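Visitor: I would like to go through this model by way of a few questions. Please show me the sequence and the structure before we begin.

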Amino acid sequence: MTTDTPTDVFEEHRPVLMGVAYRMLGRVADAEDVVQDAWLRWSAADRAEVREPRAYLVRVTTRLAIDRLRQVKARGEAYVGPWLPEPYVTDFGNTVPDTAERAVLADSVSLAVLVVLESLSPLERAVFVLREAFGYPYADIAAMLDRGEPAVRQLAGRARRHVDEGRPRFEVDPAQRRDLTERFLAAAAEGDLAGLMEMLAPDVRLIGDSGGKSQAPLRILETADNVGRFLVAVAGKGVPEMSFRFLELNGGPAVLILSGDTPDSVLQVDVSAGRVRSVYIVRNPDKLRSLASA
């Protein structure tokens, strides 16, 4: 006989629900709203009819996220400059002891993958997230989405092909990535162009997200020369009362740059063959609010 309250059960599964909602939406605030709506559904449900609370909650959260994503796409809001997901703190801690499972979860929440997921339909994205990130069987996903299993398999195949075609391949050695991130940050902060050029791959890309609300490139920068010179120019301007904080964001090491106590930007790099292949800079203040207490 269990004595767990409805709140206890929900809180036990909240990390998974937040993980599903964030991967579906790429926005922390929207994901939190969806999880809160799932709580309202759960608190009003006849729990005597719920045999598997986790499956029920994931199903509710997924459907709510699909509805929210459809609303966002229907609005068709124009975004100023390149778009990146809102940075998301991912500290798996002891909750994911298996190295392989940890790598899968980290990859599924990476900035590179989430950018590609933006181009999927809401249903394709839901199937991809549930299958690839959380390992649900096709039959379970079909039940969650009220679709036939053959249709779900087709959605999964299309989504997987699209993601494989759209995302670059990067090494995921955390130690190497952290080391290169630290050296890259030091060279960028010092305006050391020669040092940066040694670390940048020739075909490196820099994606800056400001939403038109702060300074950042309004297009993707390409080539080591362009990226290196841009970073040196930025270093020359400086940030008032600048300080740095290393965090694990979106499954990998990242740097939170602060101006006083206020988040100014997030910097993260992807690495391959010992070189920086992608540089992500998020400066949209709306996407940094959740990191103020990180």
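Visitor: How many of the eight residues of β6 are buried?

Guide: The model is a predicted one. A residue is buried here when its relative accessible area is under 20%. Strand β6 is mostly covered by this criterion, and the number of its eight residues that are buried is six.

Visitor: Which residue of β6 stands opposite Ile207, and which one stands opposite Gln268?

Guide: β1 and β6 run parallel and are joined by six bridges, while β5 and β6 run antiparallel and are joined by seven. Ile207 has Tyr280 of β6 opposite it. Gln268 also stands opposite a residue of β6, namely Tyr280.

Visitor: What is the order of the strands in the open sheet?

Guide: The sheet has six strands, and their pairing is mixed. Its edge strands are β2 (221-222) and β3 (242-249), each of which pairs on one side only. Read across the sheet, the order is β2-β1-β6-β5-β4-β3.

Visitor: Which residue of β4 stands opposite Leu249?

Guide: The edge strand β3 pairs with β4 (residues 252-259) in the antiparallel sense. Eight bridges make up this pairing. Opposite Leu249, in β4, is Gly252.

Visitor: What angle does the direction of helix α9 make with that of β5, and what angle does α11 make with β1?

Guide: Helix α9 (residues 174-189) packs on the sheet and touches β1 (200-209), β3, β4, β5 (262-272) and β6 (275-282). Helix α11 (residues 224-237) also packs on the sheet, where it touches β1, β2 and β6. The direction of α9 makes about 125 degrees with that of β5. For α11 and β1 the angle is about 50 degrees.

Visitor: Why is α6 called oblique to α7?

Guide: The axes of α6 (residues 122-133) and α7 (residues 138-145) come within 10 Å. Angles over 145 degrees count as roughly antiparallel and those from 65 to 115 as roughly perpendicular. The axes cross at roughly 140 degrees. That value belongs to neither class, so α6 is oblique to α7.

Visitor: How many charged residues are in the contact of α6 with α7?

Guide: The crossing of these helices, α6 and α7, is right-handed. On α6 the contact is made by Leu123, Ala126, Val127, Leu130 and Arg131, and on α7 by Tyr138, Ile141, Met144 and Leu145. By class there are eight nonpolar and no polar residues, and the number of charged residues is one.

Visitor: Is Thr62 buried or exposed?

Guide: Thr62 lies in helix α3 (residues 53-75). Neighbours within four places in sequence aside, Thr62 is in contact with Val20, Ala126, Leu130 and Leu145. Its relative accessible area is 1%, and therefore Thr62 is buried.

Visitor: Does Asp146 count as buried or exposed?

Guide: Asp146 is found in the loop between α7 and α8 (149-166). Its phi is near 55 degrees, a positive value in a residue other than glycine. The cut-off for exposed is over 50% relative accessible area. Asp146 has 56% relative accessibility, so the class is exposed.

Visitor: What is the phi of Thr223?

Guide: Thr223 lies in the loop between β2 and α11. At 36% relative accessibility, Thr223 counts as partly exposed. Although Thr223 is not a glycine, its phi is positive, at about 85 degrees.

Notes:
Residues numbered from 1 in each chain as written. Predicted model: local features only at pLDDT ≥ 70, side-chain atom pairs only at ≥ 80, totals over all residues. Heavy atoms only, no water. Axes fitted to C-alpha atoms, helices over the stretch in contact; angles between N-to-C directions. Helix = DSSP H or I, 4+ residues; strand = E, 2+ residues; numbered from the N terminus. Parallel < 35°, antiparallel > 145°, perpendicular 65-115°, else oblique. Left-handed = near helix turned anticlockwise from the far one by under 90°. Contact = heavy atoms within 4.5 Å. Nonpolar A, V, L, I, M, F, W, Y, C, P; charged D, E, K, R; others polar. Pairing = 2+ DSSP bridges. Buried < 20%, exposed > 50% of the residue type's maximum accessible area, 1.4 Å probe, protein only.
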